[in-house]
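Subject: Structure for you to look at

Hi there,

Here is the structure I promised to pass on, with my notes underneath. Please open it next to this email and follow along.

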Amino acid sequence: MKNISRFIQYFARQLPPQEEEELMQWVDASEENKNTFLKYWHMYDAIHLLHDLPALPSVNRRQLYINTFLKYAAIALIVFTLGCFTTYLYVDTTATPAWQEITVPPGQRISLALTDGSAVWLNSQTTLRYNPSFSGKIRHMILDGEAYFEVKKDKKKPFVVETPQGKIEVLGTSFNVEAYSSSNSFITSLIEGSLQITSGEESMLLKPGQMVVIEGEAEPVLKKITDFEEYSWREGLICFTDASFEEIMKKFEKHYGYEIHIRNERVKEYHYSGKFRLSDGISYALQVLKEDVDFTYERNEQQSILTIKE
């Protein structure tokens, strides 16, 4: 079996590109290797919620991280025996009714089981603020990023999601919201139930299978959802249907935490349909794309910058 420190280096994006590719080859060599890799990946996810670990600016701090990893591994293993794919965090209903904030690091995602019976999946680089006890007349959440909600119906206490670009009101439904404060776009997609969307003075009611898109100061646009696989990110998948190379790189930026620069004009004509597992890493995803389109890439790990070159 691979040394545990190599897994931790990979998850923390500290592994050199060549060693990262070697690790991915080892993972693909057998089902047993793949299961081992996923086990440690889930442990790594869980530990980020169980303990606020420091970043790894240098290799010198690696042993401290490994020791902490081993310390919490036994606790995290409880989560995996319950069959969780991503990390699940359960909120204590007896806690003092104060607002809590959860931030998801780049390249990760978490799931929350709320005290009212609702469930929330948070995507990479997302921050959620809420009162776990849901005291007051509404179940209020403040979202910056992307989340998928399955809301327990409660006519007496509406569920309200506030974002930088708009507000969503719901009684009970399943929907996806993408509203990063760093972006000018706001996209809400309704899977089932009904939603009331408010942005400025504009308000509209969504029906299942519909989505509303707001770009900057433009008027809200109502569209039909054409690809429900877009929301498979909560299952650890990035799905594309006839997506341009630039669209793919935008998704990679969000999911893997890199700033990606495209210096190869030819790749912009390329379109791709398919799926990537987040656990496979960006090196594997880029290698798959390179089988169809010719390009090289360079990574600056210190600044988290990836450049697509000729």
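Two strands pair if DSSP finds at least two bridges between them. Helices (H or I, at least four residues) and strands (E, at least two) are themselves DSSP runs, numbered from the N terminus. Please keep in mind that this is a predicted model: local features need pLDDT of at least 70, side-chain atom pairs count only at pLDDT 80 or more, and totals for chains, interfaces and linings use all residues. Residues are numbered from 1 along each chain as its sequence is written, and side-chain values use heavy atoms, with hydrogens and water left out.

**The chain overall**

The protein chain contains 6 helices and 19 strands. Of its 310 residues, 49% are buried, where buried means under 20% relative accessible area, exposed over 50%, and partly exposed in between (1.4 Å probe, protein chains only). Its accessible surface is about 15,600 Å², and carbon and sulfur atoms account for 49% of that; such areas come from the Shrake-Rupley method with a 1.4 Å probe, and for residues only the protein chains shown count as cover. Contact means heavy atoms within 4.5 Å. Among contacts between residues at least 6 apart in sequence, 49% join residues at least 24 apart.

**Strand 8 and its partners**

Which strands flank strand 8 (residues 167-170) as antiparallel partners? Strand 7 (residues 159-162) is joined to strand 8 by 4 bridges and runs antiparallel to it, with a hairpin of 4 residues linking the two. Strand 11 (residues 195-199) also runs antiparallel to strand 8, through 3 bridges. For individual pairs, V160 has E169 as its bridge partner, and K167 stands opposite T198.

The side chains of strand 8 alternate: I168 and V170 are buried and point to one face, whereas K167 and E169 point to the other and are not buried. E169 counts as partly exposed because its relative accessibility is 32%. Beyond its neighbours within four places in sequence, E169 is in contact with F159, V160, S194, L195, Q196 and T198. E169 and F159 lie 10 residues apart along the chain, with 5.9 Å between their C-alpha atoms.

**Strand 5 and its partners**

Strand 5 (residues 127-130) alternates as well: L128 and Y130 point to one face and are buried, while T127 and R129 point to the other and are not. Strand 2 (residues 100-103) is joined to strand 5 by 4 bridges, and the two run antiparallel; here T103 stands opposite T127. Another 4 bridges join strand 5 to strand 6, again antiparallel, and Y130 has M141 of strand 6 as its bridge partner.

**Two nonpolar cores**

A nonpolar core is a set of buried Ala, Val, Leu, Ile, Met, Phe, Trp, Tyr and Cys residues joined through side-chain atoms within 4.5 Å. The largest one has 30 residues, and those touching the most other members are L112, L122, M141, F149, F159 and F175. Strand 6 (residues 139-150) gives the most to this core, with 4 residues. A second, separate core of 26 residues includes F240, Y256, I262 and Y270.

Back to L122: neighbours within four places in sequence aside, L122 is in contact with I102, V104, R109, I110, L112, L128, E146, A147 and W233.

**Two helices**

Helix 2 (residues 17-28) has E20, L23, M24, W26 and V27 as buried residues. They sit on the same side of helix 2 because they cover an arc of only 155 degrees around the axis, the arc being that of the directions from the helix axis to the C-beta atoms. The face turned away from that buried side carries the exposed residues Q18 and Q25.

Is helix 6 (residues 281-290) largely enclosed or largely open? In helix 6, 7 of the 10 residues are buried, so the helix is largely enclosed by the rest of the structure. Those residues are G281, I282, S283, A285, L286, V288 and L289. L286 counts as buried because its relative accessibility is 0%. Not counting residues up to four places away in sequence, L286 touches M249, F252, F295, Y297, L306 and I308. L286 and I308 are 22 residues apart in sequence and 9.9 Å apart in space, C-alpha to C-alpha.

Happy to go through any of this with you.

Best wishes
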